[in-house]
Amino acid sequence: MAPQSARSITPAKGKLGVLCVGLGAVTTTFMAGVENIRQGRSKPIGSLTQMGTIRLGKRTEARTPLINEFVSLASLEDLVFGAWDPIPDDGYESALKCGVLDKHEHVEPIADFLKSIKPMPAVFDQFYVKRLVGTNVKKGKTKRDLAEALRKDIRDFKAQHKCDRLVMVWCASTEVFIAPGPTHQTMATFEKAMDANDPSIAPSMLYAYAAIMEGVPYANGAPNLSCDLPAIEALAREKGVPIGGKDFKTGQTMLKTVLAPMFKARMLGVAGWYSTNILGNRDGEVLDDPESFKTKEESKLGVLEHTLQPKLYPELYGNIYHKVRINYYPPRGDNKEGWDNIDIFGWLGYPMQIKVDFLCRDSILAAPLVLDLAIFFDLASRAGLSGIQEWLSFYFKSPQVGAGLYPEHDLFIQLTKLKNTLRYLKGEEQITHLGIEYYEND
Ligand SMILES: NC(=O)c1ccc[n+]([C@@H]2O[C@H](COP(=O)([O-])OP(=O)(O)OC[C@H]3O[C@@H](n4cnc5c(N)ncnc54)[C@H](O)[C@@H]3O)[C@@H](O)[C@H]2O)c1
């Protein structure tokens, strides 16, 4: 395919403020990680924006720059951090309580930096996260007042930290399950519902609304709806702001989106997939509540349906028993263990089994995703992209897509989509992997 002209991208100059909703395990691991890396104590392992390369042109051209040399991205040095949390602990106290990072190696050496991150009072309501009690909480007569208070926080943060640009990433607890309804359809119904304190408007929606109204790109790392509403999507397009979600794709689901495409590629059948997890952090405690778990369950269950396409392959995938469990087990803290038992069948229907036991670290897997999302959403904004950023599906368990589209879950198709979008932005040739030209053009 002939290269097209590059889009104009405003260079990443000046400070980028990264506003995280929630100052818990994922956020503190992300922020402390960036600071440790900036101080030369660690490497940005797990981050595509920091370590990834991109092939350009033909394989014979040997052009494979680092992604962050190919396209202008905010540098780690230019990131400044802010957060909201209903729990008043600063970044240092929270990092110690979450217990993800080694106190002596990665927390104490940057204690002053972490102490400087004090959570702004949150828009929080226990109705939406049953297992948490918050004291650092905004007060307001209506949900619209609360959204306006968030907008003021955003403007104040930008001015105080002399930021050139901002991005917001939802790294807060998973809210109770809410199905999209009439109040979520248009900005008129949404704003009316804010004024009426309608229970269908959750705090995560107010953060998304506030971000977009302030022109700040918004990424949702949890499975609650947040910006995945027709009203918010239309607002994002109208204001020219990039949005996306949902739910960071880190452990078990990441494995699922690698294994399931493999079964389909080889036309192997799947009879059942039983996934169970134990984890003992605050996220696990919140997810122990059936209403928050339901939100997570929906996000995790959708993956197989869209990847295996049972309607296209009814003999192979028409009768799968798919179960996902999350069990709160405090002794493990942030170190999750995820087991998968997969019953597959092959030639002549003979059954086989695959067992996966992933002893992972939840926030260690999620932190580089927060970094990449902040950096790529800022790029999207500087490149003039707005609305849903499907090219960043790579980072999400339950990618938000436009009306009438099904989400692409296959991790490697998602990566191809991401890299082809970068090539597109820079006017480079798309890589189709056809490759016939190596053999047929003399
Ligand atoms: N770690 C992973 O691998 C992973 C993967 C996918 C999704 N997630 C999601 O990311 C989120 C964060 O995970 P975590 O392990 O850091 O959890 P955590 O419980 O350690 O931190 C979440 C923080 O959000 C705060 N919070 C809750 N409601 C809030 C609100 N309305 N406004 C501001 N702050 C609020 C809580 O007080 C808490 O400090 C969860 O929703 C989790 O499901 C995590």
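**Exercise 1. Orientation of α8 and α10**

Task: In this predicted model, determine how α8 and α10 are oriented to each other, and state which residues of α8 meet which residues of α10.

Solution.
1. Take the geometry. Helix α8 covers residues 187-195 and helix α10 covers residues 230-239; the two pack at an angle of about 115°, and their axes are 9 Å or less apart, namely 8 Å.
2. Classify the angle. Angles of 65 to 115 degrees count as roughly perpendicular, and α8 and α10 are therefore roughly perpendicular to each other.
3. Add the handedness. The crossing in which α8 passes α10 is left-handed.
4. Identify the residues. From α8, Met 187, Thr 189 and Phe 190 meet Ala 231, Ala 234 and Leu 235 of α10.
5. Sort them by class. This contact of α8 with α10 holds five nonpolar residues, one polar residue and no charged residue.

**Exercise 2. Orientation of α1 and α4**

Task: Describe the packing of α1 against α4 by angle and axis distance, and give the classes of the residues in their contact.

Solution.
1. Helix α1 (residues 25-38) packs on helix α4 (residues 91-98) at an angle of about 115°, and 9 Å lie between their axes.
2. The helices α1 and α4 are therefore roughly perpendicular to each other.
3. Where α1 passes α4, the crossing is left-handed.
4. On the α1 side the residues are Ala 25, Thr 28, Met 31 and Ala 32; these meet Gly 91, Ser 94, Ala 95 and Cys 98 in α4.
5. By class, the contact of α1 with α4 consists of five nonpolar and three polar residues, with no charged residue.

**Exercise 3. Orientation of α7 and α9**

Task: Decide whether α7 and α9 are oblique or roughly perpendicular to each other.

Solution.
1. The angle between α7 and helix α9 (residues 203-213) is about 50°, with the axes 9 Å apart.
2. The range of 65 to 115 degrees counts as roughly perpendicular; α7 and α9 are therefore oblique to each other.
3. The crossing of α7 past α9 is right-handed.
4. Helix α7 contributes Lys 143, Leu 146, Ala 147, Leu 150, Arg 151 and Ile 154, while α9 contributes Leu 206, Tyr 207, Tyr 209, Ala 210 and Met 213.
5. These residues of the contact of α7 with α9 divide into nine nonpolar, no polar and two charged.

**Exercise 4. Domains and ligand**

Task: Locate the ligand with respect to domain 1 and domain 2.

Solution.
1. Divide the protein chain: domain 1 comprises 15-248 + 364-425, and domain 2 comprises 252-359.
2. Relate the two parts. The centres of domain 1 and domain 2, taken over C-alpha atoms, are separated by 26 Å. Contacts link 25 residues of domain 1 with 27 residues of domain 2. The side of domain 1 that touches domain 2 has 11 nonpolar, seven polar and seven charged residues.
3. List the surroundings of the ligand. There are 35 residues around the ligand, of which Gly 22, Gly 24, Val 26, Ala 222 and Arg 282 come nearest. The elements giving two or more residues to this shell are α1, α12 (282-287) and α15 (362-382). The largest share, four residues, comes from α15.
4. Sort the shell by class: 21 residues are nonpolar, nine are polar and five are charged.
5. Conclude. Domain 1 and domain 2 both give residues to the shell around the ligand, so the ligand lies between them.

**Exercise 5. Two backbone features**

Task: Place the cis peptide bond of Gly 245 and Lys 246 and the positive phi of Lys 162 within the chain.

Solution.
1. The cis peptide bond joins Gly 245 to Lys 246, with omega about -10°.
2. Lys 246 belongs to the loop between β5 (242-244) and α11 (252-265).
3. Lys 162, a residue other than glycine, has a positive phi near 50°.
4. Lys 162 lies in the loop between α7 (143-160) and β3 (163-170).

Methods:
Residues numbered from 1 in each chain as written. Predicted model: local features only at pLDDT ≥ 70, side-chain atom pairs only at ≥ 80, totals over all residues. Axes fitted to C-alpha atoms, helices over the stretch in contact; angles between N-to-C directions. Parallel < 35°, antiparallel > 145°, perpendicular 65-115°, else oblique. Left-handed = near helix turned anticlockwise from the far one by under 90°. Contact = placed C-beta atoms within 7 Å. Nonpolar A, V, L, I, M, F, W, Y, C, P; charged D, E, K, R; others polar. Near = placed C-beta within 6 Å. Domains from an automatic or database assignment.
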